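Here are a few short exercises to work through with the model open beside you. Try each task before you read its solution.

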Amino acid sequence: MTTAQGITTLGRWGRERVEGLGRSGRFVGDTLVAARDVATWWPQATLHARTLGVSSLPIALYIALFTGIVLSLLASYSFTGAVPLYFVGTLVEKTITMELAPVLTGLALAGRVGANIAAELGTMKVTEQVDALETLAYDPLAYLVVPRVLAGTLMFPIVVGLAMVVGVAAGWLASILLLGISSEEFVKGLRLFFTVFDVRYGLVKSASFGTAVAWIGCMQGLGARGGAQGVGRAATSAVVYSAVVILVLDAFWAVVWLLGSNP
Amino acid sequence: MKRANDFAVGLTIIVGTAVLIGATLWIKQADFGRDRSTVVARFHDVGGVRIGTPVVVRGVRAGRIEGMELADSAFVLAKMALDPGVMLPPDPVVLLNESSLFGEWQATITSRDAVGRDEDVKRQIAETSRDDGVLPGATLPDIARLTAVAGRIAGDVASVAERVEVAFDDQAAREMRASVRSFSEMSTLLAQTVREQSNNLTTASSDVRGGVQSLVRSAELLKAVAERFDSSTSRGEVKQIVGDAGEAARQLREASRRIAVLSAQLERSQVRLESVLATSDSIARKIQAGEGSLGMLVNDPTLYRNADSALRQLNLLLADVQKNPRRYINLRIF
């Protein structure tokens, strides 16, 4: 490999990375522009809200249920002999509300919703249904992407909010039934350091996760090429990228809101 | 189908929102429609107190901190919402303190008299006291500050321990063992001494007890004498005794005066006697030395014999004169 060829390879690699960012940015911009076409996306909104949100409740609550139980047991295991056991309530509340409910629910829904969106739109793309929509004068972004992104943004906080309640309640019950902590002690710890900021932080974070998962799923689906294999790759990429972006956003919100703040 | 979707989504949103808001309000212990009273307290510093920090009266949660704001003159005003029916103690003050080792704070409303003897707290309360209806407040040191002080103390202790470790070598250990042994022996001796002294003390105590009993008996006798004295006083015997004693004293004073005069005379006689003795001594020394007529007479036998002879002749002469006066006395007129 000559020097010129090496430089060319490096340039191509850089261009592809920048092109990916550029395509993503342009896709987001085009979606925002398409959101003005309310008449196109509004009728589809509740359908996707049900698919992305309501139908995701069982898995989200299931995860929250066991997360709360495990957290309370883990807390009691860690606190034995050193920290008062009423801090189990504090740990369960803080951890579930601010971190585990949004992130675990987001990751679970990234697999379920992201893959669903990518596979559905990928199939439409490879079967030229998207082209047909354009032929019928529908803006594919307004018809396919905007309602999904809005549904994800709206319904993720609802699902995560319920997951928070279920997770804390599960931890509470586990503390009473398995650890022998009285209800009053758990509630004392629960209230000890609770602030509304905890809930607000978790909900805003989950809304950003919902937006990202829906957007990535749509982008990967509409970018599918090459038939069923391309659809599969799109679904896989959607899940992987969604998971990565969820963790990046998690760190982003922690840096923006938690670093140096004292709510 | 579309209506079913709308219903399901709408119900989920309503239920989710209601459950989340309800849970939040329950955890926050929000109460609507309750008649809560509000008091405001002034502090220099509120430490780790936050909105929602519990307010405690006599150890019972009675409200919470509802707001804090910076005031002029470097003070902070904390607004506290008290539960209905909560009665404040007389002359109330507010103390902010940590309620556990884990950073929990609370505001304790107590009486000024119950603050204790902490000078810093008293100073803070005095500085935050005004006649404006705002309660004076003080902030107690948090665990971190106390821990820092304890840390310094621990450091000093470690330093001392290190020095002790350096100083406490094998030689020191042997000496200490010897000292302990000596101390043990000394303790034994001390215990023995104490036992002996204890016996002595017991004896002394018995003696003292006997002495006290004697004193009691003496006191009883004295009491009896006093009683007799009282009875004698009533018959005039004491007056006579006192009079006799006075006469005796007067006679004694007179005798004493005479003795003093006699003593002065004796002193003078002594002086004269000493002078006569000195003179006699001088004469005796001269006689002894053969000085003077008497000395020569005493020390020279010849002179004695001559004198003796002369005296005999003089006696013969006197006898002859008496016998024959005309031979020696020739009385003529003209």
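**Exercise 1.** Find the helix that holds A:T236, then decide whether A:T236 is buried, partly exposed or exposed.

*Solution.* Step one: A:T236 sits in helix α9 of chain A; helices here are DSSP runs of H or I with at least four residues, strands are runs of E with at least two, and both are numbered from the N terminus. Step two: recall the cut-offs, where buried takes 20 or more other C-beta atoms within 10 Å of a residue's own, exposed takes 12 or fewer, partly exposed lies in between, and C-beta atoms are placed from the backbone. Step three: A:T236 has 15 C-beta neighbours inside 10 Å, so A:T236 is partly exposed. For a distance to check, the C-alpha atoms of A:T236 and A:G111 are 8.8 Å apart, although 125 residues separate the two along the chain.

A note before going on: this is a predicted model, in which local features need pLDDT of at least 70, side-chain atom pairs count only at pLDDT 80 or more, and totals for chains, interfaces and linings use all residues. Residues are numbered from 1 along each chain as its sequence is written, while chains are lettered from A and ligands numbered from 1 in the order in which they are written.

**Exercise 2.** Set the two chains side by side: how many helices and strands are there in chain A and in chain B?

*Solution.* Begin with chain A, which has nine helices and zero strands. Chain B has eight helices and seven strands. Next comes burial: 48% of the 263 residues of chain A are buried, against 10% of the 334 residues in chain B. Last, take contacts (C-beta atoms, placed from the backbone, within 7 Å). Among those with a separation of 6 or more, residues 24 or more positions apart make up 88% in chain A and 52% in chain B.

**Exercise 3.** Which helix supplies the largest share of the largest nonpolar core?

*Solution.* A nonpolar core joins buried Ala, Val, Leu, Ile, Met, Phe, Trp, Tyr and Cys residues through C-beta atoms within 7 Å. The largest has 81 residues, and A:A214 is one of those touching the most other members. Helices of chain A, including α9 (227–258), and α1 (2–28) of chain B each supply at least two residues. The largest share, 24 residues, comes from α6(A).

**Exercise 4.** How many residues does each chain bring to the contact between chain A and chain B?

*Solution.* Chain A brings 18 residues and chain B brings 16 residues.

Notes: Two residues are in contact if their C-beta atoms, placed from the backbone, lie within 7 Å.
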